[in-house]
Amino acid sequence: MNQSAHSTVIITGASSGVGLYAALALAKRDWFVVMACRDVPKAEQAARALGIPKDRYAVMAIDLGSQQSVRDFVSAFRRTGYPLHALVNNAAVYLPRLEEPARSPEGYEISVATNHLGHFLLSRLLLSDLEQASHPAPRLVTLGTVTANSEEFGGKVPIPAPADLGDLQGLEAGFRAPVAMIDGKPFKAGKAYKDSKLCNMVISRELHRRYHADTGIVFSTLYPGCVADTALFRHTPRAFQRIFPWFQKNITKGYVTQELAGERVADVVADGAFSQSGVHWSWGNRQKAGRQAFSQALSAKANNEARASRLWDLSERMVGLA
Ligand SMILES: NC(=O)c1ccc[n+]([C@@H]2O[C@H](COP(=O)([O-])OP(=O)(O)OC[C@H]3O[C@@H](n4cnc5c(N)ncnc54)[C@H](OP(=O)(O)O)[C@@H]3O)[C@@H](O)[C@H]2O)c1
């Protein structure tokens, strides 16, 4: 493979859905894509099935729920000698029907461990690689979501509860059993996902405040639209999986295809129009053909700088960086 002729992007969770289609879109734009996935054969098969050109990608193993696996991935990536021009934090688990918390090898609740702590560790370890990129402005792009932004209607839905990190009481207490929620309250699986996505958006802003001016790295998040038919919803009830895409297509008009969501991620990674750091990009909640992206305001919960700084410190401690 002739990787050196291309800009290189790592996309986590590129074995399906938004990440897979982002890999396709970036490969078509002449990027070389490192598909960082926990199921390597599945990712290889998915890339082949979608027709991503063989010389435009490599699949590498990572389990974001395991801190050792994240560290092993970074070592393996460095051994390839590839430069790094962009990182896309895309992988996520959504386990809304868990009645009891599942735990990572380190003992942390699995949604927060995977979606937030795994990406926090990965981002921190790869900052120096991004800094060395030949690009004038390397990018670190993270998938956010409307359901974690109470500035928007979707973020106010109380099923099972809106995202809320409280005063980080659960993290302050160590976040190991019996603690399972960031705010220290009783376990609610669906809220754990929303909280982890709120952490993604908070940490992207905190990365921007701490590193953008000195490194030139562009830090942004995006909501690509409601991609209601991805495997993200595989653990919801079957009836929900049938109704949700129909509802989003016909009632809310929030539905976007996986292909369009992938193109939107690729825009935020590669397009000159998305070179501003510290921004949460959105195309709105009701999709309209040709609509341009705009900078979506985030909630007070996401913009609280003192809490963001404390979340940073506690996350550092939990991933062994402090
Ligand atoms: N779908 C939507 O409507 C929507 C809306 C807003 C934001 N998002 C965000 O978009 C991103 C992608 O979601 P999606 O809808 O495309 O879901 P998806 O199809 O389920 O993709 C999630 C990806 O994450 C991977 N993953 C899960 N746990 C992992 C782990 N421990 N280590 C490594 N990879 C792991 C999955 O791998 P496996 O294939 O091995 O499970 C899969 O490749 C998420 O961050 C989600 O929050 C989605």
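T114 touches L64, G65, V93 and H119, leaving aside residues up to four places away in sequence; contact here means heavy atoms within 4.5 Å. T114 sits in helix 4, residues 110–131, where a helix is a DSSP run of H or I with at least four residues, numbered from the N terminus. T114 is buried, with a relative accessible area of 9%; buried means under 20%, calculated with a 1.4 Å probe on protein chains only.

I should state that this is a predicted model, in which local features need pLDDT of at least 70 and side-chain atom pairs count only at pLDDT 80 or more, while totals for chains, interfaces and linings use all residues. Residues are numbered from 1 along each chain as its sequence is written, and side-chain values use heavy atoms, without hydrogens and water.

Let us turn to the interior. The largest nonpolar core, a set of buried Ala, Val, Leu, Ile, Met, Phe, Trp, Tyr and Cys residues joined through side-chain atoms within 4.5 Å, has 52 residues. I10, F73, F77 and L122 have the most contacts inside this core. Helix 4 gives the most to this core, with 10 residues.

Finally, the ligand. Which residues are the closest of the 30 that surround the ligand? They are S16, K42, N90, Y193 and T230; a surrounding residue has a heavy atom within 4 Å of the ligand. A polar side-chain atom of Y193 lies 2.6 Å from an oxygen atom of the ligand, and a backbone N or O atom of G13 lies 3.1 Å from a ligand oxygen atom. The limit for such a polar contact is a pair of N or O atoms within 3.5 Å.

Key
Helix = DSSP H or I, 4+ residues; strand = E, 2+ residues; numbered from the N terminus. Buried < 20%, exposed > 50% of the residue type's maximum accessible area, 1.4 Å probe, protein only. Polar contact = N/O pair within 3.5 Å; in protein donor to acceptor, adjacent residues only side chain to side chain.
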